[in-house]
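Me: I should like to understand the terms used for this structure. Please explain them one at a time.
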Amino acid sequence: MKSSNQSEWIARSLKSVWHPCTQMQHHETLPLIPVSHGRGAWLFDAEGRRYLDGISSWWVNLFGHANPRINAALKDQLDLLEHAMLAGFTHEPVIRLSEQLAARTGNMLGHCFYASDGASAVEIALKMSFHFWRNSGQGEKQEFVCLKGSYHGETIGALMVTDVALFRDAYGPLLQRAHVIESPDFRQAREGETAADVARRAAGKLEALLQERAGKIAAVIVEPLVQCATGMAMYDPLYLSEVRALCDRYQVHLIADEIAVGCGRTGTFFACEQANIWPDFLCLSKGISGGYLPLSLVMTRDAIYQGFYDADVRRGFLHSHSYTGNPLACRAALATLAIFDEDDVLNRNRQRAARITEALAPLAEHPKVRHFRNRGMIWAFDAVIGDAAAAASFPQRFFAAALQRELLLRPIGRTVYLMPPYVLDEEETVRLAAATRAAFEEVIGA
Ligand SMILES: *Cc1c(COP(=O)(O)O)cnc(C)c1O
């Protein structure tokens, strides 16, 4: 996209590209930005304007755009092997990646199954859970449980366990619905309740359901610590340890969807570490390839793997995707993991996060801000807006106001959130906070 004729690129895109998660008619007024290149935390358009990527390009980019180390790994891999099927064949990048990820769970989750996008990883976990129970003579375990406000992807199977009305309702008739239980979102706290009290109360609701549907439920799926797509609903780690204990007591699988919260986003490499638990299935995608290539995977325990290990082909897990375990994507993931180790990323993010929180302090105290919250490298707050029409147009107005200040942020409803890549320096931190505040004050009219 070298041409400086930006408006022509926009017109051509709107004519031929059907953009995701978009009512295309809104582009009659909403800006569409043709990106020509990226560097570090910045995206540049065809006319040389730049935008600080405050949401890591939909939560995938961890170490900046055009990262030299990931670029070098991919260039090297490109001359070795771009792709080979993973049935009957294997290759070094997929082996190393599986081993390194397993090691990060202390080999509790020692078997990795691959796909290309997050929704497929969720479907794999649901299918594996159901199929495991069937292989163990408990085929009546067919039901799934998800949380209010949960988001696990938008294919038909993943929508089954997704509770975001806007994405789900149009397809309601096609879906076999899961049980939707109370979320431990700490904003639900009643007078005098702590976040841990809310977690205990929500876990109590799960226990009641597990009792009522005893022997029928295959798995509970959660987004550990932060329910991102519903608007960064955060909760106490106690909820995860309570759910783990309940799943053990009632013989139900626990699926941890760490597609958004994994890879250091919440402060630990896996969010589950903060509750000292391991799930039965752990889904990863988004950040795992550093935001370079589509890659997702499901990690599971040896006991589950053994439940499929048999002479009978039908007891095997026959799921596949054409690009399963793509070597380029795995190599990008290996380069990403190497950066975590070489740069002591989790520790350095602690300091980075403290600086960002400090820079955002004036917003946290703003009279039109509620529930300012942070976990790891995620910040969010809810705008106080009285008027319903103003609230409805808030995300788009904020998006446009931020772009004018060289900042890419896309609020979810009234929730403004920041999920920057793990590379912001002090100057970029100041810019991020100042532009967020200025955009907010313009839009809120304060
Ligand atoms: C993004 C996301 C998914 C879906 O991943 P896709 O690659 O978009 O299909 C699933 N679960 C969570 C928690 C996510 O944030």
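Me: Why is α8 called roughly parallel to α9?
Reply: In this predicted model, the axes of helix α8 (residues 195–212) and helix α9 (residues 238–250) cross at roughly 20 degrees and come within 9 Å. Angles under 35 degrees count as roughly parallel, and therefore α8 is roughly parallel to α9. The crossing of these two helices is right-handed.

Me: What makes the contact of α8 with α9 eleven nonpolar, one polar and four charged residues?
Reply: Among the residues of α8 that meet α9 are Ala196, Leu206, Glu207 and Gln211; those on the α9 side include Leu238, Val243 and Arg249. Ala, Leu and Val count as nonpolar, Glu and Arg as charged, and Gln falls among the others, which are polar. Sorted in this way, the contact has eleven nonpolar, one polar and four charged residues.

Me: How do you know that Lys286 makes a polar contact with the ligand?
Reply: A polar side-chain atom of Lys286 lies 2.6 Å from an oxygen atom of the ligand. A polar contact is a pair of N or O atoms within 3.5 Å, so this pair qualifies. Backbone atoms also approach the ligand's oxygen atoms: a polar one of Gly118 at 2.7 Å, and an N or O of Ala119 at 2.8 Å. The residues around the ligand also include Trp59, Tyr151 and His152.

Me: What describes the packing of helix α12 and helix α15?
Reply: Helix α12 (residues 345–359) and helix α15 (residues 426–444) pack at an angle of about 35 degrees, with axes 9 Å apart. Their crossing is right-handed.

Notes
Residues numbered from 1 in each chain as written. Predicted model: local features only at pLDDT ≥ 70, side-chain atom pairs only at ≥ 80, totals over all residues. Heavy atoms only, no water. Axes fitted to C-alpha atoms, helices over the stretch in contact; angles between N-to-C directions. Helix = DSSP H or I, 4+ residues; strand = E, 2+ residues; numbered from the N terminus. Parallel < 35°, antiparallel > 145°, perpendicular 65-115°, else oblique. Left-handed = near helix turned anticlockwise from the far one by under 90°. Contact = heavy atoms within 4.5 Å. Near = heavy atom within 4 Å. Polar contact = N/O pair within 3.5 Å; in protein donor to acceptor, adjacent residues only side chain to side chain.
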